[in-house]
Amino acid sequence: MEEIQASGFDKYFVDHTVGLWPQSAGGIPFNACEFQSKGDPITDLVEDMAAEQKARTTYDNILRLAKDPDICDPIRFLRAREVVHFQRFGEGLRMVQEQLDSRNFYACNPAFDKNCR
C-alpha cells in the first residue's frame, strides 16, 4: 500500500484496486463520449482519420520518452497500425467523395437528403 500511495495511484486504487481501467495518460477515464459519430459519411470518415492521427502522435510522444525496447517495439507496431488505419480511412473518404456531387460535399448528407445530387 505504501508503494501505491507513494506512486500517486491511491485514487486509482480506490476505484479499481489493481485492475486495468482504460484512461488517458492524463488520468481521464474512458467513456462513450470518445466515440464520435454524426451519421454523415464525410464527417465520420474525417473524424476517424483525425483519431488515427491523434493516436499516432501519442505513440510518437511515447517513443520520444521511452528507451526500453520492450516498450518501444510494441509501440512502434501500434504506431504503424495507426498509419495504415489512417490510409484506409482516406481511401474510404475518396470513394465516398467520388459518389457525391462535388458542389455538395459539405452542404448536406446524401445518405438522407436525395436532393443533394
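**View 1. Arg-81 is partly exposed, at 34% relative accessible area.** In this predicted model, the Arg-81 side chain pairs up with Glu-82 in a salt bridge, N to O at 3.6 Å. Glu-82 sits on the other side of the cut-off: with 7% relative accessibility, Glu-82 is buried.

**View 2. Asp-60 and Arg-56 make a salt bridge inside one helix.** Their closest N and O atoms are 2.5 Å apart. Both residues belong to helix α3, which covers residues 41–65, and they are spaced four residues apart, or about one turn of the helix. Are these partners buried or exposed? Asp-60 comes out buried at 12% relative accessible area, and Arg-56 is buried too, at 19%.

**View 3. Asp-60 also meets Arg-79 in a salt bridge.** Here the N to O distance is 2.4 Å. Arg-79 comes from helix α4 (residues 69–98) while Asp-60 is in helix α3, so this pair ties together parts that lie 19 residues apart in sequence. Arg-79 itself is partly exposed, with 27% relative accessibility.

**View 4. Arg-56, Asp-60 and Arg-79 form a salt-bridge network.** Asp-60 has a bridge to Arg-56 and another to Arg-79. The structure has five salt bridges, these two among them.

**View 5. Zooming out, the fold reads α-α-α-α along the sequence.** That is four helices and zero strands. Of the 117 residues, 21% are buried. Taking contacts between residues at least 6 apart in sequence, 43% link residues at least 24 apart. The accessible surface is about 9000 Å², with 59% of that belonging to carbon and sulfur atoms.

Technical notes: Residues are numbered from 1 along each chain as its sequence is written. This is a predicted model: local features need pLDDT of at least 70, side-chain atom pairs count only at pLDDT 80 or more; totals for chains, interfaces and linings use all residues. Side-chain values use heavy atoms; hydrogens and water are left out. Helices (H or I, at least four residues) and strands (E, at least two) are DSSP runs, numbered from the N terminus. Buried means under 20% relative accessible area, exposed over 50%, partly exposed in between (1.4 Å probe, protein chains only). Contact means heavy atoms within 4.5 Å. Accessible areas come from the Shrake-Rupley method with a 1.4 Å probe; for residues, only the protein chains shown count as cover. A salt bridge is a side-chain nitrogen of Lys or Arg within 4 Å of a carboxyl oxygen of Asp or Glu.
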